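The following questions and answers concern the structure shown below. Each answer sets out its reasoning and closes on the value or name requested.

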Amino acid sequence: MKHIKYLLFFFVILFSYPLYITFLNPISPKSTINYSFDKNNKSISLQVDYSRPYKKGRLIFGTEEENALVPYNKYWRTGANFCTDFYNSSEILFNGNKLDSGKYFLYTFPNENSWDIILNSEYGRFGFFNPNREKDILITSVTPILIDDDIEQFSIDFEEKNESILLRLRWAKTSVSIPIN
């Protein structure tokens, strides 16, 4: 009986730690960004929920041979832990493509010269597993740019530029901007 108690205690500790670092004290903290704007006398809200991993001296974008954390041409949940969720309260143009109001799972396939940005209907799930590609709602491509700053923690934000709204994904020396109208 004594051994069973120790064994039970061991399993509780073993399985509690992953839950603790994922939900209560994540290594890649969860963040939510919000943005609102008016279009045709209508208020539109945008929101992104995502987790923010740190660079920690690692090569972020590159080839598998280079041991990049996010290898080119491979699925990336675009953050850490849970999937990155994108919400829009009304119909918008997402990189020129019509997107109905709703909540979507945003993921990417980064490459050196082009990124595929995908919105999928399976939002709110843990991002460990590859998405069901049959549930993709929108697929679009954007060109990444190299930036001078070396961004330590993955960051998503909205930027107003030339009367446009950009959804920006930035990490290491890479920035990707997706126009939203």
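**Contacts, sheet and aromatic rings**

Among contacts in the protein with a separation of 6 or more, 54% are between residues 24 or more positions apart. The model is a predicted one.

Q: What is the average pLDDT of the protein, and over which residues is the pLDDT below 50?
A: Of the residues, 85% score at least 70, and the protein averages a pLDDT of 88. One stretch falls below 50, although it has eight contacts in the model beyond near neighbours in sequence. Where pLDDT is low, the predicted coordinates should not be read in detail. The average is 88, and the stretch in question is residues 19–25.

Q: How many strands are there in the protein?
A: From the N terminus on, the elements run α-β-β-β-β-β-β-β-β-β-β-β-β. The protein therefore has one helix, and its number of strands is twelve.

Q: Which strands stand at the edges of the open sheet of six strands?
A: The sheet has the order 1-2-5-8-9-10, with antiparallel pairing. A strand with a single partner has one side left without a neighbour in the sheet, and this applies to two strands. Those at the edges are strand 1 (30–39) and strand 10 (136–142).

Q: By what angle are neighbouring strands of this sheet turned against each other on average?
A: The sheet concerned is the open one with the order 1-2-5-8-9-10. With direction ignored, the average turn between its neighbouring strands is 20°.

Q: Is strand 8 largely enclosed or not, and how many of its residues are buried?
A: Strand 8 has strand 5 (residues 84–88) as an antiparallel partner, joined by five bridges. Another five bridges join strand 8 to strand 9 (residues 115–120), again antiparallel. Strand 8 is largely enclosed by the rest of the structure, because its buried residues number seven of eight.

Q: Which residue of strand 9 stands opposite Tyr-107?
A: A hairpin of five residues joins strand 8 to strand 9. In this pairing, Thr-108 stands opposite Ile-117. The residue opposite Tyr-107 is Ile-118.

Q: Is Ser-101 buried, partly exposed or exposed?
A: Ser-101 lies in the loop between strand 7 (97–99) and strand 8 (102–109). Its relative accessible area is 42%, and values from 20% to 50% fall in the intermediate class. Ser-101 is therefore partly exposed.

Q: With which residues is Ser-101 in contact, leaving aside its neighbours within four places in sequence?
A: One of these residues, Asn-88, stands opposite Gly-102 in strand 8. Ile-44, 57 residues away along the chain, has its C-alpha atom 9.6 Å from that of Ser-101. The contacts of Ser-101 are Asn-88, Ser-89, Ser-90 and Glu-91.

Q: What is the geometry of the aromatic pair formed by Trp-76 and Phe-154?
A: A search of the whole structure finds 14 aromatic pairs. For Trp-76 and Phe-154 the centres are 5.1 Å apart and the planes stand at 65°. An angle over 60 degrees meets the criterion, so the pair is edge-to-face.

Q: How many residues apart are Trp-76 and Phe-154, and which aromatic cluster includes them?
A: Trp-76 is in the loop between strand 4 (70–71) and strand 5, while Phe-154 is in strand 11 (residues 145–161). Both are buried. They are 78 residues apart, and the cluster is Tyr-50, Phe-61, Trp-76, Trp-115, Phe-154 and Trp-171.

Q: What share of the residues of the protein count as buried?
A: The protein exposes about 10800 Å², of which carbon and sulfur atoms supply 52%. Of its 181 residues, the share that count as buried is 43%.

Note on methods. Residues numbered from 1 in each chain as written. Predicted model: local features only at pLDDT ≥ 70, side-chain atom pairs only at ≥ 80, totals over all residues. Heavy atoms only, no water. Helix = DSSP H or I, 4+ residues; strand = E, 2+ residues; numbered from the N terminus. Buried < 20%, exposed > 50% of the residue type's maximum accessible area, 1.4 Å probe, protein only. Contact = heavy atoms within 4.5 Å. pLDDT = per-residue confidence, 0-100. Pairing = 2+ DSSP bridges. Axes fitted to C-alpha atoms, helices over the stretch in contact; angles between N-to-C directions. Areas by Shrake-Rupley, 256 points an atom, 1.4 Å probe, with all protein chains shown as cover. Phe/Tyr/Trp six-rings, centres within 6.5 Å; stacked < 30°, edge-to-face > 60°.
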